[in-house]
Amino acid sequence: MSLRASLPTIARFLAGGALNTGSTFVLYWLLLLFIDYRAAYAISFAAGILISYLINTRFVFRTEHSLRKLLLFPVIYLITYAAGAWTLRTAVDRFGVDASLAPFISICATLPLTYLLTRLVLVGRQRPPRA
C-alpha cells in the first residue's frame, strides 16, 4: 500500500494517539485524588493500553476485536518501550542530546514502529480498508 493511500489511516492513528494520551492523563490526575502517584501511573498506563487497543481496532484500522489481538497488543508496548529506551540512551550518551529533550527524539523514532506493529497485530498482512 502506498504512503498516499495510507494517509487517512495514519491521520486516524495520530488522532487516536492524542485522544488516548489525553484520556490517560485525565485518568491519572483523577486517580491522584485518591491514591499514590505510583499506583495511579500503573493503573492509567494499563488503562492506556486498553484504550489504545479499542481506539486502534475500531477507529484507526477499522477491524474486529478478538481475544488474540487483545492478548498480543501489550507486546507492542514492550517492543516500543525497548526501542524508545535504546533511542533515548543513544541520544543522550552517544550524541550528547540534553536528557530533557531526548524523549522527543525517542517518540519520533518509535512512532513509525508503533504504527507498523499495531497494524500488523490488528490487521495482519492484509490491506486496511479505505477511508
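A residue counts as buried when its relative accessible area is under 20%, as exposed when that area is over 50%, and as partly exposed in between. Keep that in mind as we walk through this structure, which is a predicted model.

Let's start with the overall picture. The chain has four helices and zero strands, so if you follow it from the N terminus, the elements simply run α-α-α-α. Its C-alpha atoms fill a box of roughly 40 × 40 × 25 Å along the principal axes. Of the 131 residues in the chain, 32% are buried.

Now zoom in on helix α1, which covers residues 3-32. From its first C-alpha to its last, this 30-residue helix reaches 41 Å, close to the 44 Å expected at 1.5 Å a residue. Look along α1 and you'll find a kink of about 30 degrees, centred on T9. T9 is also one of the buried residues of α1, and the others are S6, R12, F13, G16, N20, T24, Y28 and L31. Try picking out those numbers along the helix with this in mind: an α-helix has 3.6 residues a turn, so residues three or four places apart point the same way.

What about the nonpolar side chains at the surface? A patch of about 1,100 Å² is made by F25, V26, W29, L30, L32, L33, F34, I35, Y37 and I43. Helix α1 gives the largest share of this patch, five residues, while α1 and α2 (37-60) each supply at least two. I43 is a handy example to look at: this patch member sits in helix α2. I43 has a relative accessibility of 42%, so it counts as partly exposed.

Next, the aromatic rings. The whole structure holds seven aromatic pairs. Take F61 and Y115: their ring centres are 5.6 Å apart and their planes meet at 40 degrees, so the pair is tilted. F61 lies in the loop between α2 and α3 (67-94), whereas Y115 belongs to helix α4 (residues 102-123), so this pair ties together parts that are 54 residues apart in sequence. Both F61 and Y115 are buried. Elsewhere, Y41, F45, Y53, F73 and Y77 come together as one aromatic cluster.

Finally, let's turn to charge. Side chains of opposite charge can pair when their charged atoms come close. How many salt bridges turn up in the whole structure? There are three. One joins R38 to D36, with the closest N and O atoms 2.9 Å apart. R38 is exposed, at a relative accessible area of 54%, and D36 is partly exposed at 35%.

Another salt bridge links R58 with E64, where the closest N and O atoms are 3.5 Å apart. Here R58 has a relative accessible area of 44%, so it falls in the partly exposed class.

There is also a salt bridge between R89 and D93, with 3.5 Å between the closest N and O atoms. Why are R89 and D93 separated by about one helical turn? Because they are four residues apart in helix α3. Both ends of this bridge are open to the outside in the sense we began with: R89 is exposed at 60%, and D93 counts as exposed at 59%.

Technical notes
Residues numbered from 1 in each chain as written. Predicted model: local features only at pLDDT ≥ 70, side-chain atom pairs only at ≥ 80, totals over all residues. Heavy atoms only, no water. Patch = residues over 30% accessible without salt bridge, like charges linked within 9 Å, V, L, I, M, F, W, Y side chains within 5 Å. Areas by Shrake-Rupley, 256 points an atom, 1.4 Å probe, with all protein chains shown as cover. Salt bridge = Lys/Arg side-chain N within 4 Å of Asp/Glu carboxyl O. Buried < 20%, exposed > 50% of the residue type's maximum accessible area, 1.4 Å probe, protein only. Phe/Tyr/Trp six-rings, centres within 6.5 Å; stacked < 30°, edge-to-face > 60°. Expected span 1.5 Å × (residues − 1). Bend = angle between axes of the 7 residues up to and from the residue.
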